[in-house]
Amino acid sequence: MKSAVCVGPPSGLLLVLMCCPLLGLVQSASSNKAKDPHLGDSDPQRCMRHHFVETITHPIYKCNSKMVLLARCEGHCSHTTRSDPLISFSSVLKQPFKSTCSCCRPHTSKLKAVRLRCSGGTRITATYRYILACNCEECS
């Protein structure tokens with residue numbers, strides 16, 4: 001395992017990104033994908049998974065906090081949206097148009113859990129969804 005040397009001002013998240021070996025591996029892997037022409041679209045603004053670090057703390061109980069790696073879907077989908085007129089054989093047309101657009105959304109995810117150690121020796125489990133892949137899907 002590589003050791004990280006922290007250089008620069010201690011400024012919260014920036015320091016975490018520089019010092020966390022796990023994030024360094026994730027970032028280098030995602031930057032290699034964007035540069036490889038065999039892996040598809042290399043548009044940096046396309047819909048894709050982005051990693052970030054979040055500190056989990058309990059809002060009420062005094063527990064030790066933990067830092068976790070999370071992901072979110074972010075980016076652009078199709079640049080075109082469309083609204084087509086609908087044909088009706090009724091005198092009342094409740095929905096005159098059918099609109100289509102796509103949004104960047106989670107496609108697959110898995111449930112993860114983190115246990116926090118609290119005062120008095122109790123443990124509390126926090127659960128969250130970790131996004132594995134993002135897709136452009138029809139907006140609702």
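This is a short tour of a predicted model, stop by stop.

**Whole chain.** Start with everything selected and colour by secondary structure. You will find 2 helices and 6 strands, and following the chain from the N terminus gives the order α-α-β-β-β-β-β-β. Now switch on the surface: about 10,700 Å² is exposed, with 57% of that supplied by carbon and sulfur atoms. Of the 140 residues, 17% count as buried. If you display contacts with a separation of 6 or more, 56% of them link residues 24 or more positions apart.

**Strand E2.** Next, select residues 66-74, which make up strand E2. Lys66 belongs to this strand, so keep it in view for the last stop.

**The salt bridge.** Show the side chains of Arg72 and Glu74. Which kind of contact do they make? They meet in a salt bridge, at 3.2 Å from N to O. The structure holds 1 salt bridge, so this pair is worth a label. Side chains of opposite charge can pair when their charged atoms come close. Is Arg72 buried, partly exposed or exposed? Arg72 counts as partly exposed, at 40% relative accessibility, and Glu74 is also partly exposed, with a relative accessible area of 40%.

**The positive patch.** Finally, select Lys66, Arg115, Arg117 and Arg123 together. These residues gather in a patch of positive charge on the surface. Lys66 has a relative accessible area of 40% and is partly exposed; because patch members need over 30%, Lys66 meets that cut-off.

Terms used. Residues numbered from 1 in each chain as written. Predicted model: local features only at pLDDT ≥ 70, side-chain atom pairs only at ≥ 80, totals over all residues. Heavy atoms only, no water. Patch = residues over 30% accessible without salt bridge, like charges linked within 9 Å, V, L, I, M, F, W, Y side chains within 5 Å. Areas by Shrake-Rupley, 256 points an atom, 1.4 Å probe, with all protein chains shown as cover. Salt bridge = Lys/Arg side-chain N within 4 Å of Asp/Glu carboxyl O. Lys, Arg positive; Asp, Glu negative; His and termini not counted. Charge placed at Lys NZ, Arg CZ, Asp CG, Glu CD. Helix = DSSP H or I, 4+ residues; strand = E, 2+ residues; numbered from the N terminus. Buried < 20%, exposed > 50% of the residue type's maximum accessible area, 1.4 Å probe, protein only. Contact = heavy atoms within 4.5 Å.
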